[in-house]
Amino acid sequence: DLGSSGLRMFGSQFAFFLNKNTDNVLIARFLGATSLGAYAIAYNLILFPVTRIAGPIRSVLFPAMSRIQDQRDRLISGWLTGNRLVAAIAVLAMLGMVVVAPDFVPVVLGDQWTSAVPVMQILAVVGLVQALELTCGSALTAIGAFSAVLRFTVTSYILNVAAFAAGLHWGIVGVATAYAVATVALFPFFVWLTASRLGCTVGTYARSLWGIAQSALLMMVALVCIRVALVSAGVSAAVRLGVVIAVGAGAYLALIKLRSPDL
């Protein structure tokens with residue numbers, strides 16, 4: 001029994017590994033080392049932290065959810081609560097990076113990496129979705145739905161490879177855009193799969209994130225307006241970066257207090 005489950009989990013992890021590296025291989029082969037360097041910088045800044053955070057969180061969520069797998073009300077509550085906490089952090093980081101990337105890259109990395117800016121902004125969407133997928137995978141494995149996780153991971157890999165290949169025609173921005181489209185397209189299915197296996201509804205899942213989504217979008221609109229005003233006033237990139245980050249964090253916390261106070 002353990003061998004059968006272990007093989008399914010191995011298959012899922014192997015497909016996940018391929019999913020994380022195929023885009024780099026294709027870019028290196030068809031677009032060259034310079035394009036790969038810019039893409040890798042953007043990828044590591046956006047997605048690498050997500051994977052580093054995901055491992056420890058999954059290590060905690062999986063055994064915790066496994067212990068209550070027969071108490072479906074508690075399991076659903078734990079899934080939704082864990083997802084809200086992950087989402088609250090991820091939307092702040094990822095949507096914030098979409099706004100500050102044009103200043104963050106030249107200030108922190110240098111002007112030679114400006115080609116990575118649009119890639120970072122696009123991959124931020126991928127990072128947000130992958131963070132939200134974290135709790136779905138933990139919940140499914142906790143109830144022993146290893147086959148469902150394997151099927152989803154393999155399907156995701158096949159779709160992403162097709163997206164990478166299609167996006168190569170437009171360079172690294174095309175690859176990143178195709179990756180984002182494929183990831184966002186599959187995400188609702190993964191949520192539905194998890195919710196149906198747990199005995200929850202997609203509507204309940206969406207409502208649990210509504211306050212966070214409102215807060216994040218309002219923060220993002222405010223930051224765009226502030227940054228445009230600072231650019232028009234001739235404020236330097238370093239100062240703009242500091243101001244936008246500080247205002248964004250403060251505004252987001254205030255909005256969360258209003259729209260999702262229990263968080």
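**Salt bridges, core and surface of a predicted model**

Reader: Let's start with Arg227. Which helix is Arg227 found in?

Author: Keep in mind that this is a predicted model. In it, Arg227 is found in helix H7.

Reader: Is Arg227 buried or exposed, and what is its relative accessible area?

Author: The cut-off to use is that buried means under 20% relative accessible area. Arg227 falls below that cut-off, so it counts as buried, with a relative accessible area of 18%.

Reader: Which residues does Arg227 touch, if I skip those up to four places away in sequence?

Author: Asp103 is on that list, and a polar contact of 2.8 Å joins its side chain to that of Arg227. With the skip you describe, the full set touched by Arg227 is Val99, Pro102, Asp103, Arg240 and Val244.

Reader: How many residues apart in sequence are the parts that Asp103 and Arg227 tie together?

Author: Side chains of opposite charge can pair when their charged atoms come close. Here the side chains of Asp103 and Arg227 meet in a salt bridge, 2.8 Å from N to O. Asp103 lies in helix H3 and Arg227 in helix H7, so the pair ties together parts whose separation in sequence is 124 residues.

Reader: What about Asp103 and Arg240: how many residues apart are they?

Author: Their side chains also meet in a salt bridge, with an N to O distance of 2.6 Å. This pair links distant parts of the chain, Asp103 in helix H3 and Arg240 in helix H8, and the separation is 137 residues.

Reader: Which residues are linked in a network of salt bridges?

Author: Asp103 pairs with Arg227, and Asp103 also pairs with Arg240. Asp103 and Arg227 are buried, and Arg240 is buried too. The residues linked in the network are Asp103, Arg227 and Arg240.

Reader: Which residue forms a salt bridge with Arg84?

Author: The structure holds three salt bridges. In the one formed by Arg84, the closest N and O atoms are 2.9 Å apart, and the partner is Asp262.

Reader: How many residues apart in sequence are the parts that Arg84 and Asp262 tie together?

Author: Arg84 and Asp262 form a salt bridge. Arg84 lies in helix H3 and Asp262 in the segment after H8, so the pair ties together parts with a sequence separation of 178 residues.

Reader: Does Asp262 count as buried or exposed?

Author: Arg84 is buried, at a relative accessible area of 14%. The cut-off for exposed is over 50%. Asp262 has 60% relative accessibility, so it counts as exposed.

Reader: Switching to the nonpolar side of things, which helix supplies the largest share of the largest nonpolar core?

Author: That core has 79 residues, and those with the most contacts inside it are Tyr39, Trp79 and Leu123. At least two of its residues come from each of H1, H2, H3, H4, H5, H6, H7 and H8. The largest share is 18 residues, and it comes from H3.

Reader: Which residues is Leu123 in contact with, leaving aside neighbours within four places in sequence?

Author: Leu123 is one of the residues with the most contacts inside the core. Leaving those neighbours aside, its contacts are Tyr39, Ala42, Tyr43, Ile46, Leu47, Ala176 and Tyr179.

Reader: What is the relative accessibility of Ala42?

Author: Ala42 sits in helix H2. Away from its sequence neighbours up to four places off, Ala42 touches Ala116, Val119, Met120 and Leu123. Ala42 counts as buried, because its relative accessibility is 0%.

Reader: Where is Ala116 found?

Author: Setting aside neighbours within four places in sequence, Ala116 is in contact with Ala38, Ile41 and Ala42. Ala116 counts as buried, at 0% relative accessibility. Its place is the loop between H3 and H4.

Reader: Which residues does Thr141 touch, not counting those up to four places away in sequence?

Author: Thr141 is in helix H4, which spans residues 117-142. At 9% relative accessibility, Thr141 counts as buried. Beyond its sequence neighbours, Thr141 touches Met9, Phe62, Phe146 and Val149.

Reader: And on the outside, which residues make a nonpolar surface patch of about 360 Å²?

Author: One member is Phe10, found in helix H1 (residues 2-30). Phe10 counts as exposed because its relative accessibility is 58%. The patch is made by Phe10, Phe14 and Phe17.

Conventions:
Residues numbered from 1 in each chain as written. Predicted model: local features only at pLDDT ≥ 70, side-chain atom pairs only at ≥ 80, totals over all residues. Heavy atoms only, no water. Patch = residues over 30% accessible without salt bridge, like charges linked within 9 Å, V, L, I, M, F, W, Y side chains within 5 Å. Areas by Shrake-Rupley, 256 points an atom, 1.4 Å probe, with all protein chains shown as cover. Salt bridge = Lys/Arg side-chain N within 4 Å of Asp/Glu carboxyl O. Helix = DSSP H or I, 4+ residues; strand = E, 2+ residues; numbered from the N terminus. Buried < 20%, exposed > 50% of the residue type's maximum accessible area, 1.4 Å probe, protein only. Contact = heavy atoms within 4.5 Å. Core = buried A, V, L, I, M, F, W, Y, C linked by side-chain atoms within 4.5 Å. Polar contact = N/O pair within 3.5 Å; in protein donor to acceptor, adjacent residues only side chain to side chain.
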